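Let's take a walk through this structure together. Have the sequence and the 3D view open side by side, and we will go from the overall fold to the details.

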Amino acid sequence: MLKRADFLRANNGMRVARPGFILLAHPNHEQGIRYGITVTKRIGNAVVRNRMKRRFRELLWANLPELGLPDHDHVLIGRETGIERDFARLQQELRRALEKLHRGEADPPRRRNASKPRQRRK
RNA sequence: CCAGGGGGCCGGGCAGUCGCGUCGGAGCGUUCGCGCUUCGCCGAGGAAAGUCCGGACUCCAUGAAACAAGGGUGGCGGGUAACGCCCGCCGGACCGUGGCCGACGCUGCGGUUCAGGGACAGUGCCACAGAAAGCAGACCGCCGAUGACGCGAGCCUUUUCAAGGACUUGGCGAACAGGCAAGGAUGAAAGGGUGCGGUAAGAGCGCACCGCGCGGGCAGUAAUGUACGCGGCAUGGCAAACCCCACCCGGAGCAAGGCCGAAUAGGGGCGGCGCGCCGCGAGGCAGGGAUGUUUCAUCCCGAGCACGCCCGGGUUGGCUGCUGGAGCGGGAAAGCGAUUUUUCGCCUAGAGGAAUGGCUGCCCCUCCCGUGGCAGGUCGCUAAGGCGAUACCGCAUGGCGAGGACAGAAUCCGGCUUACAGGCCCCCUGGCAUC
RNA sequence: UGGGGUGUGGCCAAGUGGUAAGGCACCGGUUUUUGGUAUCGGCAUUCGCAGGUUCGAUCCCUGCCACCCCAG
C-alpha cells in the first residue's frame, strides 16, 4: 500500500491490538492481499523506525500468503513495546491476530471523535 | 609490570538457510513499454550524523577588469582543486624545573595555550571606588631654595632708658606666593623598574643594569632575531565596539538540469457553419422586454457551435542526471612534515514512501556463576626441605548463562564538529621490581 | 536542500557590557471570629551547555544541545 487514502480507509476496518503492534484489516475490492506499515515518530529515531519496518515486513512476508485475508489491506501499526521485541513472539502474536480476523472476532473500528460523543440538547 | 598523558588504527570473524534490492545469464509471456520464474555476482559508515566551511557538476545572470554594497578571513612560509582545513616555523601568555647568591628580572629544558594585522586615521567606552580614568592633573603629603611676612640679631637716627627705620640678614618661625610628584590611598589599569648619585624637596635630572623605541648593519624567502649606536621614556587598555588596511567571494541548488508524455476537460489561432438589415468601423435603422398615462422618453437584452486542423501550457507519471572517482590497496623516490611524483594491482551499493532483515552453528571479547589447590602470587605452620589454606589476584576448565557501542547511503568529493562498547600499536612522563 | 527564530525562578516575561525589573503562583507575618480580599516581607551561583575575548559576559565571539517556524 502506498497511498494515504488506503491507510485512512484501513483505519475504518477491523482492528486487533497486540503488545507489539496493532493490526488493521479492510477489504480492498479485488486488489489481492496487500500490506502497509505505520511507524510514527514517537516510536524513536529513524534507525529504530526503519528497523521496526524491516522486521514487520519480514513478518508479513512470512505469514500473509498463508494466513492473510484474501482481497484485504493489512496495516501494522508499531507500538513502543514492539521495539526489539523477540521475533518469535511477534510472529506468534501476528498469527493469533490473523486467526481472530478470520473468525471475525476483531474489535470495532475506532470512530472519529469517539472521545466526545455529541449529545442532543433538550 | 602499573598509572597518567599524547598520537595513529580497528570497530566483531567464518559459515549455513529463508527473504529483499541493483546488475548479468537462461526460460516463459508480452499490449514491445515490460512482466513473471529461476540461477549467479555484489549489496552501508568511521562517523553514512550535524549541515558548519570548501569544491566538482548543472542551470540562470554577466563583454573583460575595476569599483560600490554585503559577507568572510587575518603572524610568516608551505601543502592543496579549494578552504575558516593540514604541516612547519616565528612571537606572546601561563605552568613545572634548573642556573645567574636572594628579590626583581633574564635565561636553559619540558609542557599547555593563543581569532596572533592596525590603538600618533578618526569616533566611542573604561561602571563602583578613587583627588584624578586619559588632557595629564594634584586630595593627603614633601619642601620653603626664590619672593613676600613675622620674630630675633646687626646697622643707622634720636639726649639715656627706650623708641623709630625707604638699611642688612650663613639665625628662628609660620607655610602666603611658589616648587615637587618620592610616599599614602582607590582600582583591572595611575604616564618605565631596581639601585646609587643628586636636591630645599624632588624628578631620566645624571649614571649602571634591565625594559621600551628609533636608526642603519648583519642573519633569514619571510614572520622575526640580533651585536652596535642613538633617543629620551614622550601619547594606558578595549578593534570577538564602530572602524581602517590587506586578501577572498556573481546567484541558486540533483526537488539543479535534460528528454518523453496517452485519454478527458479547459486555453489560443485558422477554417467551416451561423449571427434581422446597412456599414471596414464608430454607429445607424429595425426587433423584444421593463418603467412612467398611448405618441414619446430612458434603461436593458439579443451568437455562438455537441464541427475540423494546428499550437503551446498544466496535473499524475516514466526515462536520464546516477555512480570509474581530486578512487582504493601495496612498493619505490623527494620532503623535517602536510603532501607530491611514479609504478603494480583492483572495480568496490546505487535505493527511490526509499533494498542490508529473520533464524541457526562455531569462534572472539567483557561480565556473572560454578569446579579444580593448581608448577604462579598471598596467608599460616616449619630450622630448612616441605606441608596446609585459598576470601582475593592469577591459571586451567565448565555453563543449552548474560552482554557486544554510536549509529543507516539518497548527486559526488576534501575538511571541521559531535556521538561511540570494546580492542590493538607507537611515543613521552612518573613509580615499582630485576640485571 | 535552503532560510529564520527562541532558550532568564514553578508559569508569563523585561533586561543587550558593570547589584537580573515586573506580574502570576508559592511560603511567612499583619488585618478578620474563620476563609477570601487588602497589605508587608521572602523566594535566581547552571541566565540551555562548553570554551574564549574583556578588569568584568544574560549581553560580544566560536562550537554544541533542545524546541519552534518558513520555502521548494
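Two strands count as paired if DSSP finds at least two bridges between them. With that in mind, look at strand 1 and strand 2 (residues 21-27): four bridges join them, and they run antiparallel. Please remember as we go that this is a predicted model.

Stay with this pair for a moment. Strand 1 and strand 2 form a hairpin, with three residues between them. You can follow the pairing residue by residue: A17 has I22 of strand 2 as its bridge partner, and V16 stands opposite L23 in strand 2. As a general reminder, strands of a sheet pair through backbone hydrogen bonds, in either a parallel or an antiparallel manner.

Now zoom out to the whole sheet. It is an open sheet of four strands in the order 1-2-4-3, and its pairing is mixed. Strand 1 (14-17) and strand 3 (34-38) are the edge strands, each pairing on one side only. From one strand to the next, the twist averages 15 degrees.

How does the sheet fit into the chain as a whole? Chain A has three helices and four strands, and along the sequence they follow the pattern α-β-β-β-α-β-α. Two of the helices can be placed against the sheet. Helix 2 (residues 46-67) lies across strand 2, strand 3 and strand 4, running at about 160 degrees to strand 3. Helix 3 (residues 87-103) lies across strand 1, strand 2 and strand 4, and its angle to strand 2 is about 35 degrees.

Two numbers describe the chain as a whole. Of the 122 residues in chain A, 36% are buried. Among contacts between residues at least 6 apart in sequence, 79% join residues at least 24 apart.

Let's look at some individual positions, beginning with D73 in strand 4 (residues 72-78). Is D73 buried or exposed? Its relative accessible area is 1%, and because buried means under 20%, D73 counts as buried. Leaving aside neighbours within four places in sequence, D73 is in contact with M1, D6, R9, L24, A25, H26, N28 and R34.

Just before that strand comes D71, in the loop between helix 2 and strand 4. D71 is not a glycine, yet it has a positive phi of about 55 degrees. With a relative accessible area of 29%, D71 is partly exposed.

Another loop position worth finding is Q31, between strand 2 and strand 3. Q31 is also partly exposed, at 48% relative accessibility. If you compare Q31 with F56, the two are 25 residues apart in sequence and 21 Å apart in space, C-alpha to C-alpha.

Next, turn to the RNA. Which residues surround RNA strand B? They are L2, V47, R51, R54, R55, R57, E58, W61 and F87. Helix 2 provides the largest share of this surface, with seven residues. By character, the surface residues divide into four nonpolar, no polar and five charged. On the RNA side, 84% of the atoms of strand B within 4 Å of the protein belong to sugar or phosphate, and the rest belong to bases.

Some of these approaches can be followed atom by atom. An N or O atom in the side chain of R51 is 2.5 Å from a phosphate oxygen of RNA strand B. Bases are reached too: a polar side-chain atom of R54 lies 3.3 Å from a base nitrogen of RNA strand B, and an N or O atom in the side chain of E58 is 3.0 Å from a base nitrogen.

We finish with R55, which lies in helix 2 and is one of the residues surrounding RNA strand B. R55 has a relative accessible area of 16%, so it counts as buried; that value is computed on protein chains only. What does the side chain of R55 reach? It reaches the backbone oxygen of R85, at 3.1 Å. Not counting residues up to four places away in sequence, R55 touches E84, R85, D86, F87 and L90. F87 in this list is also among the residues around RNA strand B.

Key:
Residues numbered from 1 in each chain as written. Chains lettered and ligands numbered in written order. Predicted model: local features only at pLDDT ≥ 70, side-chain atom pairs only at ≥ 80, totals over all residues. Heavy atoms only, no water. Near = heavy atom within 4 Å. Polar contact = N/O pair within 3.5 Å; in protein donor to acceptor, adjacent residues only side chain to side chain. Helix = DSSP H or I, 4+ residues; strand = E, 2+ residues; numbered from the N terminus. Nonpolar A, V, L, I, M, F, W, Y, C, P; charged D, E, K, R; others polar. Buried < 20%, exposed > 50% of the residue type's maximum accessible area, 1.4 Å probe, protein only. Contact = heavy atoms within 4.5 Å. Axes fitted to C-alpha atoms, helices over the stretch in contact; angles between N-to-C directions.
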